[in-house]
Amino acid sequence: MRFHTRKWIKPEDLNPNGTLFGGRLLEWIDEEAALYTIIQLENPKVVTKYISEINFVSSAQPGDIVEIGIDVVHFGTTSISLQCEVRNKMTREVIITIERIVMVSMGPDGKPKPHGKTKVEYVADRLNDELDD
C-alpha cells in the first residue's frame, strides 16, 4: 500500500464521542481517490462510481495523524479500481479498509471516456519519458 496523504485530527473532525467522525474520513478518502485517479489517468474530470463495504477497524483520537493509502486493483476501459487503507501514522494501527473504489474517467460531454491506461505510472517516469523524446 502506498500512503499518499496525512491528516491531523482536529476538534472540527470529531463526532459526539470525541473520536474521528466517519463521514469526515470518507470525505478525505473520496478526495484522495479522485486526486490519485486524476494523476494516473491524466484527466481532471473523474467521478466516483462505487465504494464497496467500508470496514471501520479502530478509531482515531484528537491530535492523531492518519495516513491514507491507495493501491490500484484494476484498470478498466474507462475506470480505475482502487483499494484503500487508512492507518494511524504513529502506531500503524489500521483505522479503516475499503476493498474497492471505482473511479471513472469522464469526457467533455459528461460521459465515460476511455483512458488507454493499463498500469500504474509515476510522475518521475513520465518526466523521464518526456526527456527521452
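**Salt bridges, strand pairing and helix α1 in a predicted model**

At 13% relative accessibility, K117 counts as buried, because the limit for that class lies under 20% relative accessible area. The model described here is a predicted one. The side chain of K117 meets that of E121 in a salt bridge, with an N to O distance of 3.2 Å, and E121 counts as partly exposed because its relative accessibility is 22%. This pair belongs to a wider set, since a search of the whole structure finds eight salt bridges.

Another of these contacts joins R6 and E67, whose closest N and O atoms are 3.6 Å apart. R6 lies in strand β1 (residues 2-8) and E67 in strand β4, so that the salt bridge ties together parts that are 61 residues apart in sequence. The two partners fall into separate accessibility classes: R6, at 54% relative accessibility, counts as exposed, whereas E67, at 2%, counts as buried. Both residues also take part in a network of salt bridges that links R6, E67, R87, K89 and R92.

The strands that carry some of these residues are joined by antiparallel pairing. Strand β4 (residues 65-75) pairs with β5 in the antiparallel sense over nine bridges, and the two strands form a hairpin in which three residues lie between them. Within this pairing, E67 stands opposite R87 of β5. R87 has a further contact, as it lies over the face of F3, at 3.6 Å from the ring centre. Aromatic pairs, by contrast, are absent, the search of the whole structure having found zero of them.

Strand β5 (residues 79-88) is itself mostly covered, with eight of its 10 residues buried. On its other pairing, β5 is joined by eight bridges to strand β6 (residues 94-105), and these two strands likewise run antiparallel. One of the residues concerned is S79, which has V104 in β6 as its bridge partner. β5 and β6 form a hairpin with five residues between them, and in the turn R92 has a positive phi of about 65°. R92 is also one of the residues linked in the network of salt bridges described above.

Helix α1 (residues 22-41) was examined for its length and for the burial of its residues. At 1.5 Å a residue, the 20 residues of α1 should span 28 Å, and the end C-alpha atoms are 28 Å apart, so that the computed separation agrees with the expected one. The buried residues of α1 are G22, L25, W28, I29, E32, A33, A34, Y36, T37, Q40 and L41. Just after the helix, E42 takes a positive phi of about 55°.

A salt bridge also connects α1 to the segment that precedes the helix. R24 forms this contact with D13, the closest N and O atoms being 2.5 Å apart. R24 lies in helix α1 and D13 in the loop between β1 and α1, so the pair ties together parts that are 11 residues apart in sequence. Here R24 counts as partly exposed, at 24% relative accessibility, while D13 is buried, with a relative accessible area of 3%.

Conventions: Residues numbered from 1 in each chain as written. Predicted model: local features only at pLDDT ≥ 70, side-chain atom pairs only at ≥ 80, totals over all residues. Heavy atoms only, no water. Buried < 20%, exposed > 50% of the residue type's maximum accessible area, 1.4 Å probe, protein only. Helix = DSSP H or I, 4+ residues; strand = E, 2+ residues; numbered from the N terminus. Pairing = 2+ DSSP bridges. Phe/Tyr/Trp six-rings, centres within 6.5 Å; stacked < 30°, edge-to-face > 60°. Lys NZ or Arg CZ within 6 Å of the ring centre and 35° of its normal. Expected span 1.5 Å × (residues − 1). Salt bridge = Lys/Arg side-chain N within 4 Å of Asp/Glu carboxyl O.
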